[in-house]
Structures are given as C-alpha cells and as structure tokens.
Amino acid sequence: MIQRIPVINPAPIVERGRYPSKATVGESFTVSATVVREGHDALGANVVLVGPGGTARPSILMLPGDEQDRYEAVVTPDEPGAWTYRIESWADPYTSWYHAAAIKVPAGIDVDLMILEGARLLARAAKMPRRGKADRALLADAVAAANDQRMPAGARFAALVGDPVLDALRALPIRDMVSRTAAFPFYVDHERALVGSWYEFFPRSEGASYDEQTKSWRSGTLRTAAKRLEGVAEMGFDVVYLPPIHPIGEVNRKGPNNSLDAGPDDPGSPWAIGSRDGGHDAVHSDLGTIDDFDAFVGRAGELGLEVAIDLALQCAPDHPWVGEHPEWFKKRADGTIAYAENPPKKYQDIYPLNFDDDFAGLSAEVLRIVRYWIGHGVRTFRVDNPHTKPVMFWEWLLGELRGSDPDVVFLSEAFTRRAMMHTLGMVGFHQSYTYFTWQNTKWELARYLDEVANHSNTLIRPNFFVNTPDILTEYLQYGGPAAFRIRAAIAATAAPSWGVYAGFELCEHVAVRPGSEEYLDSEKFQYRPRDWDAAVAQGASIAPYLRRLNEIRRQHLALRRLRNLVVHASDDEQILCYSRRGDAADPDDVVIVVVNLDPHSARETLIHLDLPALGFRGSDTFIVDDELSGQSWRWGATNYVRLDPAQEPAHILGVRREVA
C-alpha cells in the first residue's frame, strides 16, 4: 500500500530487493527515487543507511535531480560487508511556509498571520531533540525578533528567513507525515572486486626449451615462470592470471592448432583437466609441486602482484572423477559420455559436469577445491564458462565464500547473452568479461561504454580484456601495432579493471586461418616461449606503453571508478571521446580520453565537450595535460584534435582546474 508521501521507483534495486546491488569501498553511487505529494506544499526526502552489523549511519538529504520529481543522494560506503538503505519522505512545513510568505509578506497580504505561523514553526524546530545548543539559541532569538511588535514587519519577517536560520533548517528540517520505504540491500566489496590490471600467461611456456638433438620439448615450470613475474610487475600490472595448472588428460589430447592427433611430446590443452596423476587439487608434474606453487605466490606477493588461477569445472576423460563419480556426468543413450561442444568449436578432450544427479555432493567437492587453493594464497579466481553451470550452484558457492572469505574475488568468463551475464553478477560474481573485445566502431564503443558504466553497474563490474588465448579479433589481426595501442588505451581508461594475454605486448596478430579468431600455433595446445628482453631491446614490444597506461591509472582516481563515464561528441566517425570524473573522494580529478579508432590513417576533427559533466560552466576554459606526450593545451567547449596512429593514436588528458 502506498504511503502518505509516496516514494516511487527507488534505485538502485535488484530483482525488487531480493538481491543486493553492487558497491565497493570508497566508490560513490547515487540513490534516487521519485517523490510526490498532492497539492503544492513542499516535501523532502533522505536516505537512511545501515552498515555491517546493523550499524546505523547518519542520514543523507536527497536533493532534486535532473528529472522532475526525482530526488538523489550520493552514498559512499566506507566499510565492506552487507548494507541496506531505505528512503524516508516527509512533508516540509517550513519550506511550504517560506514559499507562501515570500510572496504574501512583500505584497502586504496576511503579514501578521504569516509571521506568526513562521514563528511557531521555528519555535517547534528549536525543541527538536537532536538540535544543537547553538542552533536552539539561534532559533529562539529569531522567534523573539519575529514576535517583537516594536519592529517593522519587514525586519520581523527577515529574522525568520535569514541565512543562519535556513542553514539550521536544512541540516535538521521539520518533518511531518514521515513515510518510509522497505530496506533495500547493497553489498560492499573490497576494492580488488572493482579495480585491477590483469596479465595472463602460461607458466609452461616460460622457460620451455626445444632440444634439436632429441626433437623434443622440455616444459617450463612454476620456478622458471616466477622469473617472468618481475617483467609483469615492471609493466604495472597487479594481477597475474594463470590458466589451469593441473594434470592434463591423455585421452583425446589435442595437438598443435587444436588438431586431433597429438604427438608424444604435445602438452595438450590445460583446460582438459585431470589424469591418473590427479585432478583439480593437483599441480601438473611438469610444472612442479605445490611447494613450487607456494613459492610462485610468495614471489608474486613480493612484487606487489596477486595471483589469480582458473576455476574450470570440466574434466578430461581420464580425470579421477570420471571413474569415482559417474553420477557427475551425463550419459548418452549408448552409455558413453558426450564431450563438450560450443558449435562450431568441439572439445573432444573435455567432459562437461552434470550437477543435477548429485548437486550436494558435486557442489561440496567444488567448495573443497576452492578452499584448498585459498589455503595456498589464492584470493582471485577466473571462472571458465560459468554460464554452462546452474546459476543456483554459483549462488550457493559464492554465498558460502562470502561468509568465510569475503575478500576473495571471482571473475566470470561468460561470453554469452546479456541476461545470463547479468544474472551471474546478480548472484555474486564480482567481475565479468564483456563484449568490449568485439566493440570496435565509434557508435559501438560509445553505446557500450555508456551501458557498462551507467546502466548495468548494479549487476556487473566489467573487466576489459583486450585479447585472450581464444580471441584474436580481426581488428588486431590487420591493424598493426597502432591497433594494439588503441585497444589498450581504451581498455585501460574506460573500465576500472582491464587485462591482456601474454604476447599482446609483442603485437602477435597471426590467426590460424582467415576468418578465425584463433591464434596460429595457439599456446593453448603447445609451448610458446618468447624472448621478452630482446623484443624490448629491438623496439618490437609495446611493454613501455602498457607500463605508462598503468601508471596513469594509478595517478587518477577517476580511472579506477566505474560510474563516472560520459561520452562526448566529435565530428569524425573515427574519433571517440569520453571523460571520467572522480567521485566524492576526489571530484576534481577529471580525465578526458580522445582516441583515433582508425589504426591506418591520421584523423583531425573538432570535439564538443559537455562542460557541466566535467564540473565547468559552458564558457569556461582550462588546461589539459596529455599524460602520454607531455604536451599541454588550453581547452574549452569545442576543441581541435589531430591524431596520427603512426605516432600516437590517443590523448589521455588530465584536467587542470585553472579556469580562465
């Protein structure tokens, strides 16, 4: 039933309040609602917050927003855990009186009556329990002045509406007919759930070597892979992600380029998990032991890196589970188990899991495995294809872990329909892969950046990976080094989390065949050692460029926030412009990004900035400093740009608030 002062369409709210919306420590977000009442009298609204453990926080006054009758307040949670907000609406008798009195008193209409009514309201306000001593005295003096018949009517009225009185009534207003919504949940995660620069590499390739005499490969190990961590940290990344490190099945093992004929030395796909040597809680013997993994995690920590590992809930045909738990797999009519498929892709080396015949048993085993790796220092998991498992399983698993390990982060690798991606975020996934990889034109990017920043942010936090071992887009295949810089610049500045797969810095771009997104000689199926130092020395690596992007991210709070992106207009179909602005922690931090999306040609155009969105008036000018080139310019609402991808395809502009 609607209340006395109706509150309509509160936000953020997920599934009518059944699930919490997403928030992060220190990240501001807006609570809003439509508030109406009959007639013309004034109303007010405020947000009441309750933090973890039921701790009440000071209420926040809501102010009118851009839409008619829409009220807003900015909330900045300061503690991780489960929170709620509710909205209170109320009649505001002082503001109603002030509006009428400001018209009537100067016109000489009902002057004494209006002053008497105002004095009574201030006398009532002075008695409010939470009113401070100084405010009580201030309001009492105003009442006394208003009741002093020796004073002119104008002076008596002025005593009731002076700035100190208005300030006191704004801070603690008189509230009649208070109405309250239900309490709506939001969950506040640690910053890592929102912010990160990810680097993916295969440990077996680092230190791998080929013996020309025996014509055989020797695998890299976790110990040799640990040597690569310094280079990853040098580029400014803070999360290093490893594909599965478990034993790889021998049955139906894949050979080079996903062939069905594996030779005796072919290592197979790491995602074909499990063999006679163990399953999801084992380390592949070629990589070393669990002690070697612990050493790897320890070295990463010394360099300021967090280790993420793959949680891939699937099995090779010779995984121990296949024999020990046949109920965890679906049988075909002939009694065999069907391998995984995602047409046109076929995974003959992988069996999918079936949760329906023993949900409790399989779920408990997965939880055991996750906690095993948490016990070895893993606080971040990249989950392979979560959309192929029951959503109710993820809700249970993530709920269990939120209770015991609330700082553990799960990244959903669900390249699937929006509804499923949003649902996975709703039930607890902290981050999500996105469609960013395939958004390349100006209109695609403008629409998508606005979507993830301003529309789906209560459900998913995007992670803008520029490439993966499975995804080498046509744009990267044919765009040359400029295309790699363009995609990196956008990913690093348009989302608080972004990532690259090893080889991106070398601009590896050759596909297995025309029209395919698979790499030639894919690292998924073979060793791929690289000489990183030689590439840098020869100028064949964009590692310094990636390092600079990550440095810029650390320097600007605006680039580590999600809900603050505005797309601006440009006159050229290949020039994309958007801005990021800091939230309550640093509202003056503004970054403007201008990118030439054409990797082959120089472009010049005018861009048109929405200055109020940047915190300026329409006639203001200010200084912008290019964080990439070091150049500076004075800008205003309309600005000329020229970007040559052969030199630098992007401006990343820090705004200096030196208004002329």
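# Exercises on strands, a helix and rings

In strand E8, the bridge partner of Ser 32 is Glu 72. The model is predicted, and the exercises below start from this pair.

**Exercise 1.** State which strands E3 and E8 are, how many bridges join them, and in which sense they run.

Solution. Strand E3 covers residues 29–35 and strand E8 residues 70–75. Six bridges join the two, and they run antiparallel. Another residue to place is Thr 30, which stands opposite Val 74 in E8.

**Exercise 2.** Give the strand order of the open sheet that holds E3 and E8, and find the strands at its edges.

Solution. Begin with the order: four strands, E1-E3-E8-E7, with antiparallel pairing. Strand E1 (7–11) and strand E7 (63–64) each have a single partner strand, so one side of each lacks a neighbour in the sheet and both stand at the edges. Next take the E7 end. E7 pairs with E8 over two bridges in the antiparallel sense, and Leu 63 stands opposite Glu 72 in E8. The hairpin of E7 and E8 has five residues between the strands, and in it Asp 69 takes a positive phi near 65 degrees.

**Exercise 3.** Decide whether strand E28 is largely enclosed or not, and name its partner strands.

Solution. Strand E28 spans residues 590–596, and seven of its seven residues are buried, so the rest of the structure largely encloses it. Now separate the two directions. Val 590, Ile 592, Val 594 and Asn 596 point one way, while Val 591, Val 593 and Val 595 point the other, and all are buried. In a regular strand, side chains alternate between the two faces of the sheet. Then turn to the partners. Strand E27 (residues 575–581) pairs with E28 in the antiparallel sense over seven bridges, with Arg 580 opposite Val 591. Strand E33 (residues 650–656) is joined to E28 by five bridges, also antiparallel, and Ile 592 stands opposite Leu 653 in E33.

**Exercise 4.** Compare the span of helix H16 with the expected value, and list what its buried residues pack against.

Solution. H16 (residues 543–555) has 13 residues. From first C-alpha to last it reaches 19 Å, close to the 18 Å expected at 1.5 Å a residue. Its buried residues are Ala 543, Tyr 545, Leu 546, Leu 549, Asn 550, Ile 552 and Arg 553. These pack against strand E12 (196–200), helix H14 (474–494), strand E25 (497–501), helix H15 (532–537) and E33.

**Exercise 5.** Count the aromatic pairs and classify the pairs Phe 202 with Tyr 501 and Phe 355 with Phe 393.

Solution. The count is 37 aromatic pairs. For Phe 202 and Tyr 501, the ring centres are 6.1 Å apart and the planes stand at 70 degrees, so the pair is edge-to-face. Phe 202 lies in the loop between E12 and strand E13 (209–211) and Tyr 501 in strand E25, so the pair ties together parts 299 residues apart in sequence. Both Phe 202 and Tyr 501 are buried. For Phe 355 and Phe 393, the centres are 4.6 Å apart and the planes at 40 degrees, so the pair is tilted. Phe 355 lies in the loop between strand E20 (351–352) and helix H10 (359–374), and Phe 393 in helix H11 (residues 391–404), 38 residues apart. Phe 355 is buried at 3% relative accessibility, and Phe 393 at 0%.

Key. Residues are numbered from 1 along each chain as its sequence is written. This is a predicted model: local features need pLDDT of at least 70, side-chain atom pairs count only at pLDDT 80 or more; totals for chains, interfaces and linings use all residues. Side-chain values use heavy atoms; hydrogens and water are left out. Two strands pair if DSSP finds at least two bridges between them. Buried means under 20% relative accessible area, exposed over 50%, partly exposed in between (1.4 Å probe, protein chains only). The expected span of a helix is 1.5 Å times one less than its number of residues. Contact means heavy atoms within 4.5 Å. Rings of Phe, Tyr and Trp (its six-membered ring) pair if their centres lie within 6.5 Å; planes under 30 degrees apart count as stacked, over 60 as edge-to-face and the rest as tilted.
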